[in-house]
Amino acid sequence: MYIYTDYDQQLLNERVAQYSSQTERFLDGKLTEEEFLALRLQNGLYVQRHAPMLRVAIPYGMLNSKQVRTLAEISRDFDKGYAHFSTRQNIQFNWPSLPQVPDILAKLASVQMHAIQTSGNCIRNTTTDQFAGVARDELADPRPYCEIIRQWSTFHPEFAYLPRKFKIAVNAAAEDRAAIKMHDIGVEIVKNDEGTLGFSIWVGGGLGRTPIVGENITDFLPQKYLLSYLEAILRVYNRYGRRDNKFKARIKILVKALGIDAFREKVEAEWQHMKDTEMDLPDAEIERMKAFFTEPAYVTGLVDDSAELQQHRASTPGFDAWIKRNCNPHKKVGYMSVTLSLKATSVAPGDVSTEHLFAIADLSDKYSFGELRSTHKQNVVLADVRQDQLYDLWQELKALGFATANIGCLTDIICCPGGEFCSLANAKSIPVAEQIQRHFDDLDYLYDLGDIELNISGCMNACGHHHIGNIGILGVDKKGSEFYQVSLGGNSGRDAKVGKIMGPSFFENDIADAITKIIDVYVEKRIEGESFLSTYERVGMDPFKERVYAA
């Protein structure tokens, strides 16, 4: 992990002191609500339906056990005993007291954490693959580049007041687990024909009211030009992005309006003023960042799939299912990456209690070198677990409720907090997720269905990524009543697609039945080994629509 320098820590401490003073002035009546709004947003504080909400940054999903224990203490001492992992790999507290937020920020700063740029019209948290650095299908570790982008973008004076919020994701693996084509900028680490490492850049993707798949703006960008090229894109957006209508202010609207070729021309023209200058990224700086992400003290002499592990799997079906669903191959022999499911039935997706945060910290110390990752699918990963310790870990996870073997299944639902918390939401999300989880509680049936991504959002802002779920559910308001619109065919991976709306929306109590009918059509129409998404793409929308809306 990146370790703060004295300069980093000083910068953070000064920001905490600054915001503490701003809060005092607001509470004393010396700042108006409007004046304080921009200040609190710069420090991650929203005012939600019932209380303030503080969003804490987790850079590219990386945490250590000390930081997790601090998050647990905050949830215990300043909140209601739990926290929520978001789809941007961040963590949120839904019930802090506004006067106490400076104290929370000071506590975060003591473990090199903050809430800076987790809201507002600025560059948000850069995200990446939750298996970065350990994935077998990885070309290079993307985390050093994420950290470079984080440092470049933090407190960047030119981009503090963009037309709208701005999101960047980085991928380096054969499988796109970072959804780069659905971001304002997607960065893919690639090699050219000479074997030189560089970047393929995607621009203009995004969800929200107008979901759009990003377009490729350059196939190969040498490493030294990473920051100057990103800055050129941001400058063009900052200059030409619409500020008269927040619903048309994202870069995706600008790229769509100009066309990718015209947008590229503007970026290239701007870039000519910056390339081959002091903005070039030195090799020494890249190597300095890489030095923070060295391998932990892996044990040598281990084997993959030992006789003992095979015996445990053969004698314990639940353990075998968990290995298949929640454990991923590791680049080191004798290790696996383990995903802790935060999707147990009756628990809001992404929510974790104070006690469980402490427990996760302990598990990371015991099994994964004291480090863990948050995922954009609202789960937690222990990236470096020895295979000969998997059975012991599984037993501990079972006792804690984290061993639900449903990763990638229909019940591994992405879900925003919805109308129960968010003031922007049109409808509740969490009860719908629980309804579906209870309806599809047979794991054997889920395994037969295979991988299906189901995402739920409470409004068009799409914090639950409903547009790119294989099955997406959107809460809508109809004359004061909550309804739910269903879409099919979304995909967040390499073949990224925005789902298509199936038809009229449903009452809350009818959602599980509608999803059941959709699944029934899939089971009837699929050919052997075919996924839900492949079946949908082959047979089209009509069979699903006919079944769901049959009289």
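The following exercises, with worked solutions, concern a predicted model.

**Exercise 1. Disulfides**

Determine how many disulfides the model has, and state where the sulfur nearest to that of Cys327 lies.

Solution.
- The criterion is a pair of cysteine sulfur atoms within 2.5 Å.
- For Cys327, the nearest cysteine sulfur belongs to Cys409 and is 13 Å away, and Cys327 is in no disulfide.
- Cys409 is likewise in no disulfide, its nearest cysteine sulfur being that of Cys327 at 13 Å.
- The count is 0 disulfides.

**Exercise 2. Accessibility of the two cysteines**

Classify Cys327 and Cys409 as buried or exposed.

Solution.
- The cut-off for buried is under 20% relative accessible area.
- Cys327 has 7% relative accessibility, so it counts as buried.
- Cys409 has a relative accessible area of 0% and is therefore buried.

**Exercise 3. The surroundings of strand E18**

Explain why strand E18 is described as largely enclosed, and identify its pairing with E17 and with E19.

Solution.
- Strand E18 spans residues 471-478, and 6 of its 8 residues are buried, so the rest of the structure largely encloses the strand.
- With strand E17 (residues 454-457), E18 pairs in the parallel sense over 4 bridges.
- Within this pairing, Ile456 has Ile473 of E18 as its bridge partner.
- With strand E19 (residues 481-488), E18 pairs in the antiparallel sense over 8 bridges.

**Exercise 4. The hairpin of E18 and E19**

Find the bridge partner of Lys478 in E19, and state which residue of the hairpin takes a positive phi.

Solution.
- Lys478 has Ser481 as its bridge partner in E19.
- The hairpin has 2 residues between the strands.
- Lys479 takes a positive phi near 55° in this hairpin.

Terms used. Residues are numbered from 1 along each chain as its sequence is written. This is a predicted model: local features need pLDDT of at least 70, side-chain atom pairs count only at pLDDT 80 or more; totals for chains, interfaces and linings use all residues. Side-chain values use heavy atoms; hydrogens and water are left out. Buried means under 20% relative accessible area, exposed over 50%, partly exposed in between (1.4 Å probe, protein chains only). Two strands pair if DSSP finds at least two bridges between them.
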